[in-house]
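Colleague: Could you take a close look at one part of this model for me? I would like to hear about the cysteines and the strands around them.

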Amino acid sequence: QVQLVESGGGLVQAGGSLRLSCAASGRTFSSYAMGWFRQAPGKEREFVAAISWIRSTDYADSVKGRFTISRDNAKNTVSLQMNSLKPEDTAVYYCAADAARRYGSIRRRMTEGYDYWGQGTQVTVSS
């Protein structure tokens, strides 16, 4: 069992930055692919970014060039640096872990591609 705890959310003005972190329990973190998803009110949860166990990365078109995903295997953490934030980035952000190494398939962009989820952290971007 893996537990994921997100932190770093908050309120920021448009154009500002936030850094989200996700702390994972367990001794096999380095073998997992990790992802960030977000869910705005009334909308489905959507893919934001993913990073594989060898640090390959993938981004949704809507955040490419603004967000950066990274991982620190020594600390069992994955982070999402968010720059040039827009009001449309407002959502609850979720960290997720893929223990089955699905990263090589399109499922890395799907909620079904992940086995464990955090509780989420709210990001609000004001205009």
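Modeller: Happy to! Let's start with Cys-22 and Cys-95, which form a disulfide with their sulfur atoms 2.1 Å apart. Please keep in mind that this is a predicted model. A disulfide is a covalent bond between the sulfur atoms of two cysteines. The cut-off applied here is a sulfur pair within 2.5 Å, and by that rule the count comes to one disulfide. The torsion about the S-S bond of Cys-22 and Cys-95 is about -75 degrees, so this disulfide is left-handed. Cys-22 belongs to strand β3 (residues 18-24) and Cys-95 to strand β9, so the pair ties together parts that are 73 residues apart in sequence. As for the surroundings, Cys-22 is buried, and so is Cys-95.

From Cys-95 we can move on to the strand that holds it. Seven of the eight residues of β9 are buried, so this strand is largely enclosed by the rest of the structure. Strand β9 covers residues 91-98, and it pairs with β4 in the antiparallel sense over seven bridges. One place to find this pairing on your screen is Tyr-93 in β9, which stands opposite Arg-38.

β9 has other pairings to look at as well. With strand β11 (residues 121-126), β9 pairs in the antiparallel sense over three bridges. There, Gln-122 in β11 is the bridge partner of Val-92. Strand β10 (residues 116-117) also pairs with β9, again in the antiparallel sense, over two bridges. In that case Tyr-116 of β10 stands opposite Ala-97.

Now back to β4, the strand met through Arg-38. Strand β4 spans residues 33-39 and is mostly covered, with six of its seven residues buried. Besides β9, β4 has strand β5 (residues 46-51) as a partner: five bridges join β4 to β5, and the two run antiparallel. Arg-38 is a handy landmark here too, since this residue stands opposite Glu-46 in β5. So which residue should you look for in the turn of the β4 and β5 hairpin? That would be Gly-42, which has a positive phi of about 80 degrees; six residues lie between the two strands of this hairpin.

To follow the whole path on your screen, begin at the disulfide of Cys-22 and Cys-95, step from β9 to β4 by way of Tyr-93 and Arg-38, and then go from Arg-38 to Glu-46 in β5.

Terms used:
Residues numbered from 1 in each chain as written. Predicted model: local features only at pLDDT ≥ 70, side-chain atom pairs only at ≥ 80, totals over all residues. Heavy atoms only, no water. Buried < 20%, exposed > 50% of the residue type's maximum accessible area, 1.4 Å probe, protein only. Helix = DSSP H or I, 4+ residues; strand = E, 2+ residues; numbered from the N terminus. Pairing = 2+ DSSP bridges.
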